[in-house]
Amino acid sequence: MEVFLDQFLNPAVLAKYTPLILKGAGVTVLLSVLIVLAGIALGTALACLRAYRIAALSLPIVIYADIFRALPPLVLILLAYFGLPNVGVLLSSFTVLFLILTLVLAAFAEEIVWAGITATPKGQWEAARSTGLTFTWTLGHVVLPQALRMVIPPLTNRAIAITKMTALGMVIGVPDILGQATTAQSFSANASPLTLAAVAYVILFLPFVIASRWLEARFAPPGA
Amino acid sequence: MASVAASGGAADAAALSVRALHKSFGADEVLKGIDLDVRRGEMVFVLGPSGSGKSTMLRCCNRLEEPDSGEVLVEGDRLTGPGVNLNRMRQRIGMVFQSFNLYPHLSALGNVTLALRRVQGMAKAEAEAAGIEALNRVGLSDRARHYPSQLSGGQQQRVAIARALALKPSVMLFDEPTSALDPELVGDVLDVMRDVAGQGMTMLVVSHEMKFARDAADRVIFMDGGVIVEQGPPEQVFGAPTEARTRAFLSRFHG
Ligand SMILES: Nc1ncnc2c1ncn2[C@@H]1O[C@H](COP(=O)(O)OP(=O)(O)OP(=O)(O)O)[C@@H](O)[C@H]1O
Ligand SMILES: [Mg+2]
């Protein structure tokens, strides 16, 4: 028991590295917010483009969404971080992590929002178009608001899943929570910084997990 | 008539003219040449068995369904053919659907004002005043802030009528406006339609409300198999139909 406490909850180590983990938490929060905003915006925009049903637009979107949903994000992160410099593109680890996770979230968000758009009754389009609204206005002001409402639960779940993947930044040296914790762990030869990291993740993400439960109940389709 | 129509917007043109309208879905020819003029202020009822093409005909009249050939004119202005500004023309044709199709995320007033603001470019206050006026005409100005889910089916359909009315269309199309309603709610919607007709609106109505057609319609059209089989004043079509198909259809309704 003592060995266990010393390894995972060593008071001295905890005290020493708490500021570092807090700094990491700042990075994680910043990354998460940026990724969620950019990913959902991009995914929604792509789903809207797809609604025009122009093959030259839809096909690349579908191919992109399928590839980015199929590949493990870590593969993409490593590929971008170690591959891009060889073709002259130098990006910070923070930027690489942001870009890749945004693109992954956008791929999922595109599919989710697209499902919402196609699930919106045809009569909504017809009612709007019959009053002279253009296709674009109908999409933006009649169909999309309904589609987004419908897909809030899966979109929230996906957003939470992606933000947790910021922990993958560790492998390319992003100083987020886990990045800081693993550094501290190797310096201190003690697992307590990792405990701190776990606590930090729970404090950061538990509210969102609980909120997603609430959203799911709130926006559940009637009778489901 | 056709030459008047071609000149565009002539004062004596019919509110709605349909000429040699054809429409097929694949090999299935659903409209086999429909010719129809609806005079200004006229209320025309369209009857016919299921699948006879009534909805398709109505939907071709605002090009929710694209006709294969033939033309549609509103007050002499072409709706079909090259160079037509469809979104502008559609403001002159109100449509009321069987399933209401209200926007669930907008209030009754929001439903009515959306096109006023985004299509006709009215400012918010102006659109809301016009929206309230339209809701008033269907007796629902006190429900302006209610959402569709907070309204009965009959009230929803009346909001849908107000949404179409607010654009001050030249003609209104109704596709079975009471078929999705509980029987006790049908009367309110029919009353509103009667009021709207009484105020001079031109209306083309697909409906099975025979009793209402009998005393409110100016003309009744019987469609079957994609053609107009018979038409005339309601007392004639209901009282003394000349075509066997009309008689067979009406006998099923015990009209
Ligand atoms: N989008 C479509 N694609 C293929 N077939 C269609 C389509 N819309 C209608 N049809 C067919 O066209 C025919 C006429 O349909 P329509 O809806 O105009 O009939 P209706 O007279 O309105 O019938 P109801 O009284 O049942 O509403 C039917 O056989 C129908 O199956
Ligand atoms: Mg029909």
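This is a short viewer tour of a predicted model, with stops at two helix pairs, two cores and two backbone oddities.

**Stop 1: a helix pair in chain A**

Start by selecting residues 11-51 of chain A, which is helix H2, together with residues 55-70 of chain A, helix H3. Their axes are 9 Å apart and the packing angle is about 140 degrees. That makes H2(A) oblique to H3(A), because only angles over 145 degrees count as roughly antiparallel. The crossing of H2(A) past H3(A) is left-handed.

Now show side chains. On the H2(A) side, pick Leu42(A), Leu46(A), Leu49(A) and Arg50(A); they meet Leu57(A), Ser58(A), Ile61(A), Val62(A) and Tyr64(A) of H3(A). By class, this contact has seven nonpolar residues, one polar and one charged.

**Stop 2: a helix pair in chain B**

Jump to chain B and select H6, residues 153-165, plus H7, residues 183-198. Here the axes come within 8 Å and cross at roughly 20 degrees, so H6(B) is roughly parallel to H7(B). H6(B) passes H7(B) in a right-handed crossing.

For the contact itself, light up Gly153(B), Gly154(B), Gln157(B), Arg158(B), Ile161(B) and Leu165(B) in H6(B). Facing them in H7(B) are Leu185(B), Asp188(B), Val189(B), Val192(B), Met193(B) and Val196(B). The tally for this contact is seven nonpolar, three polar and two charged residues.

**Stop 3: the cores**

Keep Ile161(B) and Met193(B) selected, then add Leu135(B), Met172(B) and Met203(B): these five touch the most other members of the largest nonpolar core, which has 54 residues. Which helix gives this core its largest share? H7(B) does, with eight residues.

Next, center on Met193(B). Leaving aside residues up to four places away in sequence, Met193(B) touches Met43(B), Ile161(B), Phe174(B), Pro177(B), Met203(B), Val205(B) and Phe212(B).

There's also a second, separate core of 51 residues; to find it, select Val113(A), Leu64(B), Ile93(B) and Val206(B), which are among its members. In soluble globular proteins, nonpolar side chains tend to be buried together.

**Stop 4: two positive phi values**

Most residues other than glycine have a negative phi. Two spots in chain B go the other way.

Select Ala20(B), in strand E1 (residues 16-25). Its phi is near 45 degrees. Is Ala20(B) buried or partly exposed? Ala20(B) is partly exposed, at 36% relative accessible area.

Finish at Glu75(B), in the loop between strands E4 (69-74) and E5 (77-78) of chain B. Phi of Glu75(B) is near 50 degrees. Glu75(B) counts as buried because its relative accessibility is 18%, and the cut-off is under 20%.

Conventions:
Residues numbered from 1 in each chain as written. Chains lettered and ligands numbered in written order. Predicted model: local features only at pLDDT ≥ 70, side-chain atom pairs only at ≥ 80, totals over all residues. Heavy atoms only, no water. Core = buried A, V, L, I, M, F, W, Y, C linked by side-chain atoms within 4.5 Å. Buried < 20%, exposed > 50% of the residue type's maximum accessible area, 1.4 Å probe, protein only. Helix = DSSP H or I, 4+ residues; strand = E, 2+ residues; numbered from the N terminus. Contact = heavy atoms within 4.5 Å. Axes fitted to C-alpha atoms, helices over the stretch in contact; angles between N-to-C directions. Parallel < 35°, antiparallel > 145°, perpendicular 65-115°, else oblique. Left-handed = near helix turned anticlockwise from the far one by under 90°. Nonpolar A, V, L, I, M, F, W, Y, C, P; charged D, E, K, R; others polar.
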